[in-house]
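Here are my notes on the model you sent over. Have the structure open while you read, and stop wherever something looks odd to you.

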Amino acid sequence: MSILIDENTTFIVQGITGREAVNLTRECLDYGKGAQVVGGVTPGRKGRDVHGVPVFDTVDQAVAHHGRPIDGSVVTVPPAFTKDAVLEAIENGIKLIVIVTERIPRRDVAQMVELANMRGARIIGPNCLGLITPGVAKMGGIGGPAKDAAKAYSPGSVGVMSRSGGMTTEISSTLTAAGLGVSTAISIGGDAIIGSTYAELMPLFEADEQTEAIVIYTEPGGRMEAELVDWRDANDSRLPIVAFMAGRFMDDEEMQGMSFGHAGTIVEGKEDSATEKIARLEAAGIPVVERIDEIPDAVKERLGVAA
């Protein structure tokens, strides 16, 4: 099993004729069993194709051509046009939207997330690399070219959620090398407002029989870790969690209010600091390792498996 995507998931790529999207489409088509990319959308480019994928002017045209509802969309359009692209996808019945674009105005993101919630859709990102079910399919640039993704991601029992796209692959590669593998890995996005947080994705992993543990990669800034702890306590979660916290240097008082790396990594007060987050996680029984290579042993310990 997996969460959100499998070999039957159909999706489109909005902004498909852009350079990044052309490469991303090739990677998705080549990976695993071959993603079902059933169309692309770039206004004014109808009639073209990208790696054999037909291009349309609108999402409505892509859905009509497919002849039935389309499950998802990968959005790679410029920040100024992202909101319109996402709203168009939602209004055409698409339920899973992966937003690769970064530097989208916060107000636009808030409006997209609000409409998605109203329509029963789910947004991953923005500013993310997407998600992958190892050996099956991927949506987005996660893992890079298919041959590289195949090396880094092997099927297994650990779910991965990360605010960093690159670290999603780094952690998964470490789990793969240790023989644990990955059930589903999700680059959730590094912006201050995102569509799906740790706590919002946890019920999906909880319901997935393949997933036996969770690894999260997190950073200073925001309240997502506190929400995760609260959700876990309220729902008596069966899944052990291991965390890696980056950016511990941000605890210096002189760094408060500053951003490093991702737009969402802004320490506005003591509760946002790495030290406070680590203390909160560990108090909830979630170990926080200091190095990436410590993750597999920490997971095995939580699962009661010999290291």
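The points below go from the ground rules to the sheet, then to the cavity, the cysteines and a few backbone oddities.

1. Ground rules. This is a predicted model, so to speak with a confidence filter: local features need pLDDT of at least 70 and side-chain atom pairs count only at pLDDT 80 or more, while totals for chains, interfaces and linings use all residues. Residues are numbered from 1 along each chain as its sequence is written, and side-chain values use heavy atoms, with hydrogens and water left out.

2. The sheet. Start with the open sheet of 7 strands, which has mixed pairing and runs in the order E3-E4-E2-E1-E5-E6-E7. Strand E3 (49-50) and strand E7 (122-124) are the edges; each has a single partner strand, so one side of each is left without a neighbour in the sheet. On terms: helices (H or I, at least four residues) and strands (E, at least two) are DSSP runs numbered from the N terminus, and two strands pair if DSSP finds at least two bridges between them.

3. Strand E1. All the residues here are tucked away: 5 of the 5 in E1 are buried, so this strand is largely enclosed by the rest of the structure. Buried means under 20% relative accessible area, exposed means over 50%, and partly exposed is in between (1.4 Å probe, protein chains only). Thr10, Ile12 and Gln14 point one way, with Phe11 and Val13 pointing the other.

4. E1 and its neighbours. On one side, E1 pairs with strand E2 (residues 36-41) in the parallel sense over 5 bridges, and phenylalanine 11 stands opposite valine 37 there. The chain gets from E1 to E2 through helix H1 (residues 19-30), in a right-handed β-α-β crossover. Right-handed here means that, with the strands pointing away from the viewer, the path from the first strand over the helix to the second runs clockwise. E1 (residues 10-14) also pairs with E5, again in the parallel sense, over 4 bridges. In that pairing phenylalanine 11 stands opposite glycine 72 and isoleucine 12 stands opposite serine 73.

5. Strand E5 and onwards. E5 (residues 72-75) is covered on both faces, with Gly72 and Val74 buried on one side and Ser73 and Val75 buried on the other. Next to E5 runs strand E6 (residues 96-99), parallel and joined by 4 bridges; serine 73 stands opposite isoleucine 97 in E6. Helix H3 (residues 79-91) completes a right-handed β-α-β unit with E5 and E6. E6 and E7 are parallel too, joined by 3 bridges, and valine 98 stands opposite isoleucine 124.

6. The cavity. How many cavities of 30 Å³ or more are there? The count comes to 1, with about 50 Å³ of space in the largest cavity. A cavity is a set of points on a 1 Å grid over the protein atoms alone where a 1.4 Å probe fits but cannot get out, and lining residues have an atom within 4 Å of a point. Grid points are joined across faces, edges and corners, and the volume is the space filled by probe spheres set on them. Among the lining residues are Ile5, Phe11, Gln36 and Met139. Strand E9 (residues 137-139) gives the most to the lining, with 3 residues.

7. The cysteines. Don't go looking for disulfides (a pair of cysteine sulfur atoms within 2.5 Å): the count is 0. Cysteine 28 is in none, and the nearest cysteine sulfur, that of cysteine 128, is 12 Å away. Cysteine 28 counts as buried at 1% relative accessibility, and cysteine 128 counts as buried at 3%.

8. Backbone oddities. Have a look at the peptide bond from glycine 125 to proline 126, which is cis with omega near 10°; proline 126 is in the loop between E7 and strand E8 (130-133). Histidine 51 has a positive phi of about 55° although it is not a glycine. Histidine 51 lies in the loop between E3 and strand E4 (53-56) and counts as partly exposed at 37% relative accessibility. Aspartate 236 also has a positive phi, near 50°. That aspartate 236 sits in the loop between helix H8 (224-235) and strand E13 (241-245), and aspartate 236 is exposed, with a relative accessible area of 67%.

Conventions. On a 1 Å grid over the protein atoms alone, a cavity is a set of points where a 1.4 Å probe fits but cannot get out, and a pocket is an open set with protein on both sides within 12 Å along at least five of seven lines; lining residues have an atom within 4 Å of a point.
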